[in-house]
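Please read the following report alongside the sequence and the coordinates. It deals with side-chain contacts and with the surface.

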Amino acid sequence: MLEKVSIVVPVYNGEKYIDKCIQSLLKQTYKNIEIVVVNDGSTDSTQKVLDKYKERLILINQDNHGHSYSRNVGINNSTGEFVCFVDSDDYVDPNFVLCLYESIIKNNSNIAICGIKKATLDGNVFEIDTFDNIESINYIDLWKSHYEKNNGFCIIPCNKIFKRDWILANQFPVGKNFDDEFVAHYWIAKQENIGIVSEPLYEYFYRSDSQTNIALSHARCVDLVEGKIDRLVYFKKEKFPKIIYSECLNETLYYYCLVYLKRNKFDIDKSLLKKWKKQILKNCKLFKATTLKRFIGWFIFIVSTKFYIKLSNMNS
């Protein structure tokens with residue numbers, strides 16, 4: 001018998017979208033699944049929608065604790081040998097679980113990834129992110145793709161399948177915005193054989209009020225920078241290749257400077273900026289710069305954040 005796959009769906013006030021999401025999960029061609037829905041204190045009619053499916057779901061109702069807490073509750077209440085995540089306002093192809101399961105088994109991986117479609121609520125697909133004509137990838141090439149193509153889909157949780165033990169050991173940080181920024185590097189780690197499904201089997205719906213697209217705030221600025229710094233520290237500690245470390249440091253400097261420029265708007269304390277810069281400098285290795293231009297830029301950042309921003313044209 002094929003192994004069980006748990007699908008974790010956190011939902012908060014998802015009355016407009018959750019029905020379509022669940023319908024797509026019930027249509028999976030891979031039949032040995034359990035659907036774990038965590039209703040995170042919804043105040044709309046989400047519960048009424050979920051009650052229609054209560055015989056076919058594991059339904060957990062809780063007070064509102066946030067997205068990452070809800071995902072962890074779903075993980076810890078699941079029983080499958082493998083775990084997937086689907087957001088309540090998205091939906092998936094009927095072969096989503098089947099293809100990911102076959103990929104993770106074939107590659108003997110801890111994780112497998114499929115492509116995604118990005119669509120508006122009227123169904124207009126405006127972007128497709130995927131890998132072409134490959135069945136597996138190593139961690140170096142995956143991070144290269146992430147940085148070269150700005151492929152955020154490499155690090156989000158919702159287009160992936162995880163071995164249960166792997167995701168249990170690398171759960172989501174509670175209370176963080178951009179929670180995947182804090183854990184994606186632990187998921188990917190130094191794996192040499194990550195399963196890839198080229199087909200875009202996950203459909204992400206763009207909403208201006210979704211968790212991903214809410215405008216920056218104080219808390220979101222803090223979590224964005226601290227997530228990048230956490231990854232930089234990890235890459236340095238684990239001695240990642242120069243090309244990956246270099247891109248990571250450059251990205252960290254960009255977001256640090258972005259928040260630095262908006263420090264007054266979002267009430268970012270000087271002591272916090274100082275703390276972040278100290279952490280960055282502690283993990284800044286000039287000899288790992290991949291170009292002379294980047295080496296000079298990093299050196300300028302060490303000397304003066306304001307001058308680095310000016311030379312980078314970030315004021316415009």
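The sections below take up aromatic pairs, charges over rings, salt bridges and a surface patch in turn.

## Aromatic pairs

The model is a predicted one, and a search of the whole structure finds 21 aromatic pairs in it. One of these is formed by phenylalanine 82 and tyrosine 101, whose rings meet edge-to-face, with 5.5 Å from centre to centre and 90° between the planes. This pair links distant parts of the chain, since phenylalanine 82 belongs to strand β4 (residues 82–85) and tyrosine 101 to helix α4 (residues 96–106), 19 residues apart. Phenylalanine 82 has a relative accessible area of 4% and is therefore buried, and tyrosine 101, at 8% relative accessibility, also counts as buried.

Strand β4 takes part in another such contact through phenylalanine 85, which pairs with phenylalanine 162 in strand β9 (residues 160–163) and so ties together parts that are 77 residues apart in sequence. The ring centres of phenylalanine 85 and phenylalanine 162 lie 5.9 Å apart with their planes at 70°, and because angles over 60 degrees are classed as edge-to-face, the pair is given that label. Phenylalanine 85 counts as buried at 1% relative accessibility, as does phenylalanine 162 at 0%.

## Aromatic cluster and charges over rings

Elsewhere, Tyr139, Trp143, Tyr147, Tyr186, Tyr234, Phe235 and Phe240 come together in one aromatic cluster.

Two tyrosine rings are described here with a positively ionisable side chain over them. Arginine 263 lies over the face of tyrosine 260, at 4.1 Å from the ring centre, while the charged end of lysine 288 sits over the ring of tyrosine 245, 5.0 Å from its centre.

## Salt bridges

Side chains of opposite charge can pair when their charged atoms come close. In this model the count comes to 14 salt bridges. Among them is the contact between lysine 52 and aspartate 19, in which the closest N and O atoms are 3.0 Å apart. The two residues lie in distant parts of the chain, 33 residues apart, with lysine 52 in the loop between α2 (46–51) and β3 (58–62) and aspartate 19 in helix α1 (residues 18–26). Lysine 52 counts as exposed at 58% relative accessibility, whereas aspartate 19, with a relative accessible area of 25%, is partly exposed. Glutamate 127 and lysine 118 form a further salt bridge, with 3.6 Å between the closest N and O atoms; glutamate 127 is partly exposed at 31%, and lysine 118 is partly exposed at 21%.

A salt bridge also joins the side chains of glutamate 251 and lysine 228, at 3.2 Å from N to O. It links helix α9 (residues 242–261), which holds glutamate 251, to helix α8 (residues 218–237), which holds lysine 228, across 23 residues of sequence. Both glutamate 251 and lysine 228 are buried, and salt bridges with shared partners connect Glu181, Lys228, Arg231 and Glu251 into one network.

## Nonpolar surface patch

On the surface, Leu281, Phe299, Ile302 and Val303 make up a nonpolar patch, with about 340 Å² of accessible area together. Helix α11 (residues 292–303) gives the most to this patch, contributing three residues.

Valine 303 is placed in helix α11. Its relative accessibility is 60%, and because exposed means over 50%, valine 303 counts as exposed.

Technical notes. Residues are numbered from 1 along each chain as its sequence is written. This is a predicted model: local features need pLDDT of at least 70, side-chain atom pairs count only at pLDDT 80 or more; totals for chains, interfaces and linings use all residues. Side-chain values use heavy atoms; hydrogens and water are left out. Patches are made of residues with over 30% relative accessible area and no salt bridge: like charges are joined within 9 Å, nonpolar side chains (Val, Leu, Ile, Met, Phe, Trp, Tyr) within 5 Å. Accessible areas come from the Shrake-Rupley method with a 1.4 Å probe; for residues, only the protein chains shown count as cover. A salt bridge is a side-chain nitrogen of Lys or Arg within 4 Å of a carboxyl oxygen of Asp or Glu. Helices (H or I, at least four residues) and strands (E, at least two) are DSSP runs, numbered from the N terminus. Buried means under 20% relative accessible area, exposed over 50%, partly exposed in between (1.4 Å probe, protein chains only). Rings of Phe, Tyr and Trp (its six-membered ring) pair if their centres lie within 6.5 Å; planes under 30 degrees apart count as stacked, over 60 as edge-to-face and the rest as tilted. A charge sits over a ring if NZ of Lys or CZ of Arg is within 6 Å of the ring centre and within 35 degrees of the ring normal.
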